[in-house]
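Biologist: I am new to this structure. Please show me how to read it, feature by feature.

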Amino acid sequence: MAGLYIHIPYCRQKCHYCNFYSLASRKYRELLPEALQQEMILQKDYLTGETLHTIYIGGGTPTVYPPQVIAEIILAATKQFKTDARAEINIEANPDDLLPDYLHQLRKTPVNRLSIGIQSFHDDDLHYLNRNHSAANAYQAIRNALAAGFDNLNVDLIYGIPGLTDKKWGENIKTVLDFHIPHISAYALTVEPGTALDKLINKKKLPPVEEQQAADQFVMLMEMMAAAGYEHYEISNFCKPGQYARHNTSYWQGISYLGIGPSAHAFDGRSRQWNVSNLEAWLQGIRSHKPAFEREILSPAQQLNEYVMTSLRTMWGTDLQTIQSRFGAGFRQMVLQQAASFQKQGLVFINEDIITLTQRGKLFADGIAAELFVEDSEKTLPE
Amino acid sequence: MKNIRNFCIIAHIDHGKSTLADRLLDLTHTIGERDKKEQVLDSMDLERERGITIKSHAIQMVYKTDDGVDYLFNLIDTPGHVDFSYEVSRSIAACEGALLIVDATQGIQAQTISNLYLAIDHNLEIIPVLNKMDLEAAMPEDVKDQIVDLIGCDRDDIIETSGKTGFGVERILEAIVERVPAPSGDPKAPLQALIFDSVYNSYRGIIAYFRIFNGTIRKNDFVKFVATGREYNADEIGVLCMGLQPRETMEAGDVGYIISGIKSSKEVKVGDTITHVDNPCGEMISGFENVKPMVFAGIYPVDADDYEELRNSMEKLQLNDASLTFEPESSAALGFGFRCGFLGLLHMEIVQERLDREFDMDVITTVPNVNYKAYTTKGEVIDVHNPSGMPGPNILEHVEEPMIQAHIISKSEYVGAIMNLCIDRRGELQNQVYLTSDRVEVSFMLPLAEIVFDFYDKLKSISRGYASFDYHITGYQPAKLVRLDILLNGEPVDALSTLIHHDNAYTFGRRMCEKLRELIPRQQFDVAIQAAIGAKIIARETVKALRKDVTAKCYGGDISRKRKLLEKQKKGKKRMRQVGNVEVPQSAFLAVLKLDS
């Protein structure tokens with residue numbers, strides 16, 4: 001079982017908060033699809049013959065390309081990699097691209113899941129974020145997608161935006177619930193260093209992000225989604241029972257994946273690699289048959305830390321038995337000991353060897369994960 | 001003896017002493033091409049990096065004049081910082097001449113002047129050298145005016161050079177032969193050799209550097225160090241070239257080293273006199289002092305388990321730094337550590353950095369204190385170098401604090417700001433002299449405690465780096481001191497307590513609280529930071545509780561970056577200290593030393 005990620009590095013306009021690799025230009029746009037296919041050929045052995053169960057086309061804005069091009073890319077992928085007939089094939093889309101005709105064409109491709117970057121149903125928030133669409137576009141896009149027959153939908157929302165009152169945030173949540181969207185990803189607005197948002201806030205051209213607001217709105221979100229019967233299966237992800245995003249979930253379960261396109265990441269269980277975040281350098285690498293990427297091999301402690309960090313964020317939790325069988329009883333003991341102190345503080349549950357976050361713990365997932373981390377130099381205790 | 005020249009170099013930091021010294025070594029073929037490293041004389045990494053000489057060293061060169069006569073040059077390097085002025089004075093005492101190196105772009109600095117006066121006091125022949133003549137910003141005529149004013153030399157006596165290009169360096173060598181007097185002294189008289197430095201060598205033990213004034217020393221002589229009264233066999237004597245070169249005999253005028261199985265640096269005191277046990281000299285060479293540490297601070301291992309390792313490291317450090325003293329101490333906040341004595345603030349920083357670099361020790365240093373003298377009602381005088389060591393108010397008669405005389409040289413436009421700074425620090429203006437039309441020397445009487453904090457950094461910033469500063473201890477004076485405590489959520493943090501002048505306590509307490517608010521990370525509850533004198537709270541700040549600590553996105557590309565971030569965070573946390581329920585980073589203990597930065 002494996003996943004394939006394909007990165008489309010183009011946007012019509014850069015959102016202020018975005019720190020993904022994407023360009024607001026058309027440079028090399030005609031060359032990219034062919035180059036992506038070339039890279040698949042060059043990397044066809046990376047997944048050692050494992051069957052793809054997900055293909056995820058992300059960006060940037062993949063919908064800058066017409067559905068035919070998307071179809072070609074998917075076809076190329078299935079040629080190089082054995083693909084499960086029921087594979088989840090997801091594409092990220094911006095509301096302004098989701099016109100009836102486009103969606104109608106897209107339905108004819110193997111794409112079977114649509115992830116729409118709505119972010120907010122209020123124009124002032126979209127303006128703060130420098131999104132390319134309006135609130136009206138947002139409503140229309142969802143309606144069009146549903147009308148075109150895309151029922152496996154995800155909607156992205158952002159909270160903690162200055163100006164997004166609790167009332168407005170409640171409305172946003174209610175809107176997606178009213179549409180019966182099966183999957184919702186809701187992110188706290190994060191000011192990443194070096195982004196336009198970071199600079200604009202520093203220059204006092206935009207109001208800063210308030211932590212208290214984000215915390216309150218996260219709690220609101222958890223309460224409303226639970227009341228609507230959604231599973232809170234990862235910090236930022238909610239779905240109707242069982243409708244997990246399979247591609248993203250595989251990231252949290254340590255499943256191998258290959259990344260194609262500039263800046264895309266890949267993981268084979270023991271090492272991670274990432275393509276150069278530069279379109280020209282990436283193209284050059286493909287042309288010369290020497291893909292430009294960096295690679296790091298994970299030590300046992302680093303593997304364990306990644307396992308803890310990702311699994312703790314999910315409702316399935318961190319399994320001490322998994323730690324014991326993969327990393328030894330010593331590490332298990334260390335993690336358990338730390339977790340026990342968090343249990344006393346009401347931040348985690350430990351139940352039948354599974355550590356999960358409490359509602360309050362979910363607000364402090366990073367700090368808790370960091371404390372559960374181990375170091376390579378630490379000797380594991382005798383069995 | 002007539003072909004020996006013993007000289008030192010007097011220069012301000014960055015005026016190019018080491019580069020110029022390297023040129024001298026080059027021209028005299030003292031260094032083989034293979035051994036060449038930039039700035040040979042400063043051999044500790046730290047020294048090279050900071051561009052300063054911490055410990056003095058010596059090196060011998062052979063210079064052949066045009067008419068074919070060989071001269072033996074002994075260059076005795078001098079430490080370049082205020083904290084080491086006693087060591088400088090001993091190096092100077094070992095010489096007959098001094099190169100006064102002045103940066104042609106910057107002119108004379110305070111440090112240079114005080115060392116120059118030391119050299120003049122010891123009747124050294126001064127050879128003024130104007131360095132960095134290759135730079136466009138050089139202002140040779142102005143700086144020559146300063147030099148002529150200062151030492152009353154002939155304008156033509158000033159040698160223009162560039163250590164960088166090598167210009168004029170040959171003339172320095174000629175001037176050393178012509179102007180520096182040959183040593184005098186009687187090789188037949190009883191042995192009298194001045195120890196001006198010592199280094200520790202892990203194979204040979206302590207190697208003491210000396211200059212012989214009278215008499216002759218032979219290998220295997222039975223010698224005595226006068227001040228310590230200890231006696232040794234001179235297992236090996238020799239001269240200092242690029243390495244040690246053993247000799248059978250050395251006599252009056254020579255500079256060299258002695259190895260005599262000494263294991264502890266404490267046995268070798270700079271300024272001590274070496275003589276023969278059988279035929280001792282009448283009196284020791286004058287000027288000897290027992291150097292006493294003036295600044296004290298606690299040094300604690302970040303990880304309490306490293307206490308023994310810290311002790312080992314400190315002992316090793318002490319081997320080549322006899323002026324460092326330490327004794328065990330414990331703190332409620334920091335556990336077990338050491339109370340350490342330093343010559344000054346720079347010395348303290350050097351020790352901290354060496355612990356880090358050479359021994360890989362993570363340490364926390366507490367607020368430094370000077371050495372106070374507490375007079376009790378019973379008539380006792382107690383040395384206090386720790387806030388907890390202050391006698392209770394019931395038996396305390398009064399306290400005296402060490403005073404310094406500070407000399408500051410600066411461009412005249414900054415004098416106003418400098419005076420304000422000194423007056424703020426309880427200084428008393430003593431003198432003000434215009435060295436040239438735009439360079440002023442001011443002298444202040446200041447409490448040492450006032451410069452222990454951030455005085456030097458402050459001085460540099462208000463003078464845009466122009467002011468130079470030098471001081472020496474003058475004595476003690478009564479002071480109105482209070483003990484200022486810092487409390488975190490009501491718990492006093494002993495490692496942050498300070499003894500401070502009453503008038504400064506309020507400002508200081510407020511600044512401490514503000515700084516700590518910046519440095520203490522937010523925790524899951526509010527943290528109250530308070531400054532208190534006794535039971536009276538004089539300042540308060542709050543670190544607001546953390547509301548949320550969770551990454552929004554954690555997908556394929558985020559995992560590696562996020563893990564590294566959290567691993568780093570965990571490492572940082574490991575270095576924190578638990579005070580009550582509050583986690584305090586190491587930086588909080590350090591930052592109080594530099595409150596304004």
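**Reading the two chains**

Modeller: Start with chain B. Among its contacts (heavy atoms within 4.5 Å) between residues at least 6 apart in sequence, 69% join residues at least 24 apart. This is a predicted model: local features need pLDDT of at least 70, side-chain atom pairs count only at pLDDT 80 or more, and totals for chains, interfaces and linings use all residues. Residues are numbered from 1 along each chain as its sequence is written, chains are lettered from A and ligands numbered from 1 in the order in which they are written, and side-chain values use heavy atoms, with hydrogens and water left out.

Biologist: How many helices and strands does chain B have?

Modeller: Helices (H or I, at least four residues) and strands (E, at least two) are DSSP runs, numbered from the N terminus. Chain B has 14 helices and 34 strands. Chain A has 14 helices and 15 strands.

Biologist: What share of the residues in each chain is buried?

Modeller: Buried means under 20% relative accessible area, exposed over 50%, and partly exposed in between, with a 1.4 Å probe and protein chains only. In chain B, 57% of the 597 residues are buried. In chain A, 58% of the 383 residues are.

Biologist: Now the interior. Which residues touch the most other members of the largest nonpolar core?

Modeller: In soluble globular proteins, nonpolar side chains tend to be buried together. A nonpolar core is a set of buried Ala, Val, Leu, Ile, Met, Phe, Trp, Tyr and Cys residues joined through side-chain atoms within 4.5 Å. The largest has 129 residues, and Ile6(A), Ile8(A) and Leu114(A) touch the most other members. This core draws at least three residues from each of domain 1 (2-252) and domain 2 (300-378) of chain A; the bounds come from an automatic or database domain assignment. Apart from it lies another core of 50 residues, including Phe342(B) and Leu448(B).

Biologist: What does Ile6(A) touch?

Modeller: Leave aside neighbours within four places in sequence. Ile6(A) then contacts residues including Leu36(A), Met40(A), Ile73(A) and Ile260(A).

Biologist: How do I describe helix packing?

Modeller: Two packed helices are described by the angle between their axes and the distance between the axes. Axes are lines fitted to C-alpha atoms, for helices over the stretch in contact, and angles run from 0 to 180 degrees between N-to-C directions. Helices H1 (residues 32-42) and H2 (residues 67-80) of chain A have axes that come within 9 Å and cross at roughly 10°. So H1(A) is roughly parallel to H2(A), a label for angles under 35 degrees. The contact includes Leu36(A) and Met40(A) of H1(A) and Ile73(A) of H2(A).

Biologist: What about unusual backbone geometry?

Modeller: Most residues other than glycine have a negative phi, and most peptide bonds are trans. The peptide bond from Gly59(A) to Gly60(A) is cis, with omega near 25°. Gly60(A) lies in the loop between strand E2 (52-59) and H2 of chain A. His180(A), not a glycine, has a positive phi of about 55°. His180(A) is exposed, at 57% relative accessible area. His289(A) has a positive phi of about 65°, and is exposed too, at 52%.

Biologist: Is Tyr251(A) buried or exposed?

Modeller: Tyr251(A) counts as buried, at 7% relative accessibility. Tyr251(A) sits in helix H9 (residues 246-252) of chain A. Beyond four places in sequence, Tyr251(A) touches Tyr5(A), Tyr257(A), Thr310(A), Tyr555(B), Gly556(B) and Ile559(B).

How values were computed: Angles under 35 degrees count as roughly parallel, over 145 as roughly antiparallel, 65 to 115 as roughly perpendicular and the rest as oblique.
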